[in-house]
Amino acid sequence: MASIPLLHRLISAAAYFLPFFNGLQYGRFLFSQYPSLALPFQPILPLLSLYRSIPYASFVTFFALYLGIARNESLNRYARFNALQAVVLDVLLVLPMLIQRIFSPGQSGIGLKFTIWMHNGLFVFVVGCFVYGLVSSILGKTPYLPFVTEAANRQM
């Protein structure tokens, strides 16, 4: 396998910040129960604050990744594939919020417990995907993300 150019590895690694930033919201229950769990995320808070302070930053970043990288034929397949995986992962993160808004679990009881369980699981999944995608991209390896890789392959 040919070596992946550094620029394409960096583009691939940077793409995983979109679902990571959008998925951090799912950690709120874990952070409130275990405040020390938030410590590793402290260094990125200024960057996250900047990202969230820009109106429609998530929306613009999503389309920039999709149209500017994933569909950009001048980039190699590696960078396009990783950008597409990040986009697919970001889309998947919207579904739980839609489900939560439709079913409105309430402030107590089994609905709240299910919501907490779902958010905790999603947070662990998103952080795991971020770390795995980031490290794999920097090393020039293609990350395999459950459910996401198949969808990205179909889109390529």
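Colleague: What should the 27 residues of α6 span at 1.5 Å a residue, and how far apart are its end C-alpha atoms?

Modeller: The expected span is 39 Å and the end C-alpha atoms are 40 Å apart, so the two agree. The expected span of a helix is 1.5 Å times one less than its number of residues. Helices here are DSSP runs of H or I with at least four residues, numbered from the N terminus.

Colleague: What kind of model is this, and how are residues numbered?

Modeller: This is a predicted model, in which local features need pLDDT of at least 70, side-chain atom pairs count only at pLDDT 80 or more, and totals for chains, interfaces and linings use all residues. Residues are numbered from 1 along each chain as its sequence is written, and side-chain values use heavy atoms, with hydrogens and water left out.

Colleague: What comes after α6?

Modeller: Ser 104, with a positive phi near 35°.

Colleague: On to the core. Which residues touch the most other members?

Modeller: The largest nonpolar core has 42 residues, and Phe 20, Phe 21, Leu 24, Phe 41, Leu 65 and Phe 123 touch the most other members. At least two residues of this core come from each of α1, α2, α4, α5, α6, α7 and α8. The largest share, 10 residues, is from α6. A nonpolar core is a set of buried Ala, Val, Leu, Ile, Met, Phe, Trp, Tyr and Cys residues joined through side-chain atoms within 4.5 Å. Buried means under 20% relative accessible area, exposed means over 50%, and partly exposed is in between (1.4 Å probe, protein chains only).

Colleague: What does Phe 20 touch?

Modeller: Leaving out residues up to four places away in sequence, Phe 20 touches Phe 41, Ile 44, Val 126, Val 127 and Phe 130. Contact means heavy atoms within 4.5 Å.

Colleague: Leu 65 was on that list too. Which residues of α5 are buried?

Modeller: Ala 57, Phe 62, Leu 65, Ile 69 and Ala 70. They pack against α1 (6–15), α2 (17–23), α4 (45–53) and α6 (77–103).

Colleague: And Tyr 66, is it buried, exposed or partly exposed?

Modeller: Tyr 66 lies in helix α5 and counts as partly exposed, because its relative accessibility is 23%. Apart from residues up to four places away in sequence, Tyr 66 touches Arg 71, Leu 84, Val 87 and Gln 155.

Colleague: How far is Tyr 66 from Lys 113, C-alpha to C-alpha?

Modeller: They are separated by 35 Å, and by 47 residues along the chain. Lys 113 is in helix α7 and is exposed at 60% relative accessible area.

Colleague: Different topic. How many salt bridges are there?

Modeller: The count comes to 1, with the rule being a side-chain nitrogen of Lys or Arg within 4 Å of a carboxyl oxygen of Asp or Glu. The side chains of Glu 73 and Arg 80 meet in it, at 3.6 Å from N to O.

Colleague: Are those two buried or exposed?

Modeller: Glu 73 is exposed, with a relative accessible area of 64%, whereas Arg 80 is buried at 11%.

Colleague: Last one. Which residues make the nonpolar surface patch?

Modeller: Leu 92, Val 94, Leu 95, Leu 98, Ile 99, Ile 102, Phe 103 and Phe 147 make a patch of about 840 Å². Patch residues have over 30% relative accessible area and no salt bridge; like charges are joined within 9 Å, nonpolar side chains (Val, Leu, Ile, Met, Phe, Trp, Tyr) within 5 Å. Accessible areas come from the Shrake-Rupley method with a 1.4 Å probe, and for residues only the protein chains shown count as cover.

Colleague: Where does Phe 147 lie?

Modeller: In the loop between α7 (109–139) and α8 (148–155). Phe 147 counts as exposed because its relative accessibility is 65%.
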